[in-house]
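This briefing covers the contacts between parts of the structure shown below, followed by a few points of backbone geometry.

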Amino acid sequence: MKRSLYALLVLLLGSAAFAQTTITVAAGAVGQELELTRAAAQRYMEQNPGVTVNVLETPDLSDNRLSVYLQLFEARSPEVDVFQIDVIWPGDLAEHFVDLYEYGAREVADEHFPAIIENNTVDGRLVGIPWFTDAGLLYYRTDLLEKYGYDGPPTTWEELTEMAQTIQDGERAAGNPDFWGYVWQGNSYEGLTCDALEWVASFGGGSIISPEGVITINNPAAIDAVELAASWVGTISPNGVTSFGEEEARNMWQAGNAAFMRNWPYAYSLGNAADSAIAGNFDVSPLPAGPGGSPAATLGGWQLAVSRYSANPEVAADVALFMASYEEQKIRAVEGSLNPTIMALYEDAEVLEAVPFFGSLYDVFINAVARPSTVSAPDYAAVSRAFYTAVHSVLTGTETAADAMAIAEADIQDITGLETGAPTAD
Amino acid sequence: MRRRVKPARVVGQVFFWLLVAVIFVYLMFPFYWAIVSALKTQAELIRTPATLWPDQPVLTNFRSVLSNDRFVRAMGVSTLVASSVTLLSLVVGAFAGYALGKMRFKGKAPSLYVILAMTMFPQIAVLAGLYAVIRVLGMPAIPSMILSYMLFTLPFTVWVLTAFFRGLPDSLLQAAQVDGATLFQAFRHVLLPLTAPALVTTGLLAFIQAWNEYLFALTFTIIDPPSRTVPVAIALFTGEVARQEPFGEIMAAAVIVTVPLVVLVLLFQQRIVAGLTAGAVKG
Amino acid sequence: MENANGLEAAASVTPTPKRRPPSRLVRVEQRTAWLLLSPTFVILAVIALYPFAQVVYSSFTNAKFASSTETRFVGLDNYRALFAFTIKELPPRLDEDGEPVLRDGQVQYESWVSVLPRQPQRFRQVFQFSLLGKRYVLGAVSAEFIRAVWDTVVFTVVAVFFETVLGMIIALTLAGNFPGRGLMRAAMLVPWAVITVVSARIWEWMLQPTRAGLFNTVGSYLGLSEGRTDFFGNPTLQLPSMIMMDVWKTTPFMALLLLAGLATIPSDIYEAAKVDGAGPLRRFFRITVPLLRPTLAVALIFRTLDSLRVFDIFQVVLGNQRYSMASFAQDMLVSRRDLGMSSAASMVIFVIIFVFALIYIRMLRVDTR
């Protein structure tokens with residue numbers, strides 16, 4: 001205790017003597033990602049000798065990270081200047097962040113995917129600068145597709161259902177009783193909102209709440225989509241899929257026990273690791289489409305936001321914009337396979353050489369569906385829960401899809417007070 | 001086996017050892033699974049059907065945990081925090097327990113209820129308020145953890161020690177008083193040695209409770225990473241890429257943390273009991 | 001056993017004093033008692049007073065957590081929202097001809113959405129039941145909370161029962177002197193020493209719904225299942241799985257306390273009973289249980305209190321599928337940021353726990369005088 005008091009004293013004296021500004025960035029704790037963030041901080045400090053940038057690791061689980069942030073906001077703590085925030089938080093947390101447009105983000109905003117910028121803009125204020133992104137992908141086993149005589153990945157859910165069933169029957173007959181056709185995220189949590197939004201949107205069933213603020217979830221296309229997914233449980237997907245998150249799905253897939261998987265891009269490099277049972281035998285494609293719809297991927301990813309309680313918002317904003325700049329995102333893409341939010345980077349030769357599968361991701365990202373987090377702010381968490389709880393009840397067979405979507409609609413109406421309506425075809 | 005043993009005794013012995021074996025297996029099998037999982041490669045960890053013993057045990061998980069400076073540091077912090085909490089709870093709790101168990105005074109029952117009521121709110125409910133108090137006091141993370149853990153260890157030690165003190169016959173205390181001992185001397189030389197096993201057991205339980213605490217520690221150390229405790233450090237274990245969960249490493253950490261804890265605690269237990277009992281006045 | 005003998009000896013020589021000493025001594029004792037208690041109360045006041053007051057106050061407001069929205073006093077609204085419930089009849093589902101729809105010979109009923117009121121507050125289904133040939137639905141504004149209270153109480157009662165029984169068996173078995181006692185005592189500590197959050201992960205891994213998990217693998221080898229049992233997804237298996245985890249984790253707490261309690265029972269009492277020809281069962285119920293009662297009471301009280309506040313394992317394993325009372329309060333606070341409701345829920349938890357504590361204290365006749 002004595003030592004930390006002493007350290008505090010030194011720090012106080014030091015900062016007074018050299019007018020050193022300290023900026024603390026709360027970021028992910030993940031191995032390589034953290035190293036890249038530290039390296040970026042180092043580069044910033046070299047260019048700006050008057051500034052010290054600290055990187056604080058925060059829990060990797062989104063919910064845990066949120067609860068830590070909330071404690072800091074509740075205390076109006078000036079100790080953290082820059083926050084790494086989930087794509088679904090800008091709406092809910094907007095009041096705690098400065099408008100980055102006032103700190104020079106105007107010039108760079110249109111380099112990023114417009115869907116993300118729109119998502120991060122609350123009442124005309126840009127509360128977070130996009131840092132890296134994520135979207136749902138279909139993983140498929142190239143060796144098994146070939147073995148069962150298919151030329152390519154499925155483009156419709158119907159095809160996927162049929163192919164998964166054929167491969168599953170074949171592999172089970174060939175002596176693997178643990179084999180399943182399709183694995184995904186079916187637990188009752190935010191991940192199910194992502195998966196189910198993809199089904200619904202790809203059936204032309206809208207995005208729960210339209211960007212104009214109309215609740216559209218209770219429509220025939222959405223009901224069909226959820227019904228189809230429920231029919232997978234116990235046929236081409238294990239019963240246990242209703243308690244699967246990302247890692248449960250990946251573990252099964254990477255052990256070679258699934259023909260298809262819906263997951264985020266992170267599973268790509270892990271699947272090709274040296275000790276992976278499926279290394280070199282899989283590829284990714286956009287998720288399939290429903291009848292009359294087009295493929296949809298739910299948008300994920302992280303932004304950098306500057307705290308309103310920061311003592312040095314100008315410097316903090318400068319650090320955030322530096323870390324999210326073209327050069328920095330390029331380094332993160334090349335060295336860490338983190339998906340850039342700057343569109344031009346998907347055509348950058350060096351990026352494509354380092355991570356060839358990025359080229360095919362551009363279309364996925366440009367067409368990605370954002371969750372209705374900004375339009376339903378500050379109640380997105382409650383809206384999402386109403387939706388995934390309803391979908392989960394269909395997957396486990398406690399409600400019919402029609403009832404569940406009616407329940408979700410009523411719930412969301414009570415939460416947000418918005419009007420209901422039909423999704424507009426776009 | 002020259003002596004003839006009664007058959008009933010043999011059956012009894014067999015039954016006893018069988019019971020011991022069953023208890024041992026029951027207590028240990030999840031921990032066994034943690035050890036086995038820590039020794040497996042990532043590929044074998046997710047293989048179906050699960051293997052009951054690794055095909056090729058590897059030490060990579062253990063190595064990467066032990067080479068993680070932050071984890072090693074966290075073990076030190078946890079030891080410091082949990083020992084301080086235990087010591088403080090025992091001293092303060094023994095005073096209170098003695099008063100509540102052995103003395104007559106007005107307001108005893110309300111005191112017992114008030115102390116017990118401290119543990120009746122869920123941790124999450126008091127977290128924000130507690131964080132505010134700590135910020136007002138300007139307390140660094142480690143002392144603030146020590147202080148706030150008293151919220152659940154102190155009521156427990158007070159109640160257990162009250163029960164144990166009360167179980168000792170008054171006559172003993174009065175005998176000491178007849179000998180001209182002050183209350184404090186009676187406490188130190190008569191009651192303390194007698195309650196040594198209870199003190200050590202209570203301390204042990206409190207120590208582990210403090211050692212395992214996660215929610216307060218996570219919040220109080222947000223902006224002070226060097227003060228993170230083991231549960232927080234484990235929660236911050238991550239894979240190479242986001243979302244990947246290093247299950248093997250978590251299991252290795254569980255084993256690394258648990259085994260020395262159990263061994264140390266057992267060694268200490270005997271020492272402490274012996275030490276405390278030594279001061280006893282002989283009847 | 002020198003101490004126990006000494007204790008007996010002291011007891012036999014000291015005459016029981018009947019005359020109370022003069023009032024000055026009483027006053028001294030009174031003052032000393034409060035002096036001894038003061039550190040406890042000072043520490044608890046510093047850490048608990050403000051947070052507790054804040055919980056009580058917030059529970060009567062509509063406060064939002066980490067938000068600058070204006071806080072208003074709402075009286076008992078939060079409590080009303082937690083407890084409001086209603087029972088409505090569910091009409092059978094009719095087809096175009098006005099005949100009840102049958103599926104597998106079962107009458108199908110309308111969804112609860114159409115029946116439960118939405119104004120002024122939304123009611124959601126807690127459960128359905130049949131009575132006298134009619135179908136009813138119990139609806140509540142905070143259906144999740146009602147379910148959480150029920151689940152937590154069931155969890156606590158069942159888990160604490162098994163913990164007590166197993167703890168007693170283990171304590172009695174390990175109380176004697178036998179080769180390997182040290183090893184067994186070490187083994188006994190292991191479950192309690194494993195970090196709670198991590199132990200939840202170990203169990204989660206063992207109970208995976210595929211044969212990557214220990215239970216499903218062993219189950220399929222023994223022919224008990226197909227190796228696809230979904231312990232955490234199947235609603236009927238969720239609570240038993242949680243109870244199994246908690247019993248394993250906390251039985252050592254019980255066993256250790258009881259073991260310490262057993263150690264304070266002088267062995268000559270047993271010897272005397274043996275000489276009198278009392279059998280082991282009789283000795284257990286006539287000597288062990290009564291003498292162990294104070295220890296047992298404290299152990300039961302604290303185990304029950306902890307169990308009613310269960311949080312980590314529900315949060316880690318069941319997430320948003322099913323709540324304990326405390327994980328409901330946490331969820332209210334973090335994902336809905338409803339500080340008012342969360343505080344009101346915490347107050348209810350406080351009261352429920354207090355009632356449990358009172359019941360124990362009365363039933364086990366804990367001496368608080």
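**Backbone: cis peptide bonds**

- A:Pro378 sits in the loop that runs between α16 and α17 (380–395) of chain A.
- The peptide bond leading from A:Ala377 into A:Pro378 is cis, and its omega is near 0 degrees.
- In chain B, the loop between α2 (42–45) and α3 (60–66) holds B:Pro49.
- B:Thr48 and B:Pro49 are joined by a cis peptide bond with omega of about -15 degrees.

The model is predicted, and the values here and below are computed from it.

**Backbone: positive phi outside glycine**

- A:Asp123 is not a glycine, yet its phi is positive, at about 50 degrees.
- This aspartate, A:Asp123, belongs to the loop between β4 (121–122) and β5 (125–126) of chain A.
- A:Asp123 has 77% relative accessibility and counts as exposed.
- C:Ala66, also a residue other than glycine, has a positive phi near 50 degrees.
- The loop between α2 (23–58) and α3 (77–83) of chain C contains C:Ala66.
- Buried or exposed: which describes C:Ala66? C:Ala66 is buried, with a relative accessible area of 1%.

**Interface of chain C and chain B**

- Chain C brings 102 residues into contact with 105 residues of chain B.
- About 9400 Å² is buried between chain C and chain B, and carbon and sulfur atoms account for 80% of it.
- How many salt bridges does the rule find across the interface of chain C and chain B? The rule finds one salt bridge there.
- C:Arg201 and B:Glu245 form a salt bridge through their side chains, at 2.8 Å from N to O.
- Eleven residue pairs are in polar contact across the interface of chain C and chain B, with both residues at pLDDT 80 or more.
- On the side of chain C that touches chain B, α2(C) gives the most, with 20 residues.
- By class, that side of chain C has 72 nonpolar, 19 polar and eleven charged residues.

**Interface of chain C and chain A**

- In this contact, 31 residues come from chain C and 39 residues from chain A.
- The area buried between chain C and chain A is about 2900 Å², with 45% of it on carbon and sulfur atoms.
- Seven salt bridges are counted between chain C and chain A.
- C:Asp331 and A:Arg385 meet through their side chains in a salt bridge of 2.7 Å, N to O.
- Between chain C and chain A, 21 residue pairs are in polar contact, both residues at pLDDT 80 or more.
- Three elements of chain C, namely β4 (124–131), α6 (196–206) and α12 (325–334), give two or more residues each to the side that touches chain A.
- Of the elements on that side of chain C, α12(C) gives the most, with three residues.
- The side of chain C that touches chain A divides into nine nonpolar, ten polar and twelve charged residues.

**Domains of chain A**

- The domain assignment splits chain A into domain 1 (2–127 + 300–366) and domain 2 (137–298 + 375–420).
- The C-alpha centres of domain 1 and domain 2 of chain A are 30 Å apart.
- Contact between the two involves eight residues of domain 1 of chain A and 14 residues of domain 2 of chain A.
- Domain 1 and domain 2 of chain A bury about 940 Å² between them, and carbon and sulfur atoms give 75% of this area.
- Which three residues supply more than any other three of the area that domain 1 of chain A buries against domain 2 of chain A? They are A:Asp92, A:Phe357 and A:Val364, which supply 52%.
- The count of salt bridges between domain 1 and domain 2 of chain A is zero.
- The count of residue pairs in polar contact between domain 1 and domain 2 of chain A, both at pLDDT 80 or more, is likewise zero.
- α4 (90–93) and α16 (358–366) of chain A each supply at least two residues of the side of domain 1 that touches domain 2.
- By class, that side of domain 1 of chain A has four nonpolar, three polar and one charged residues.

Technical notes:
Residues are numbered from 1 along each chain as its sequence is written. Chains are lettered from A and ligands numbered from 1 in the order in which they are written. This is a predicted model: local features need pLDDT of at least 70, side-chain atom pairs count only at pLDDT 80 or more; totals for chains, interfaces and linings use all residues. Side-chain values use heavy atoms; hydrogens and water are left out. Domain bounds come from an automatic or database domain assignment. Contact means heavy atoms within 4.5 Å. Buried area is the accessible area (1.4 Å probe) that two parts lose on being put together, summed over both. A salt bridge is a side-chain nitrogen of Lys or Arg within 4 Å of a carboxyl oxygen of Asp or Glu. A polar contact is a pair of N or O atoms within 3.5 Å; within protein, one must be able to donate a hydrogen and the other to accept it, and residues adjacent in sequence count only if both atoms are side-chain atoms. Helices (H or I, at least four residues) and strands (E, at least two) are DSSP runs, numbered from the N terminus. Ala, Val, Leu, Ile, Met, Phe, Trp, Tyr, Cys and Pro count as nonpolar, Asp, Glu, Lys and Arg as charged, and the others, Gly among them, as polar. Buried means under 20% relative accessible area, exposed over 50%, partly exposed in between (1.4 Å probe, protein chains only).
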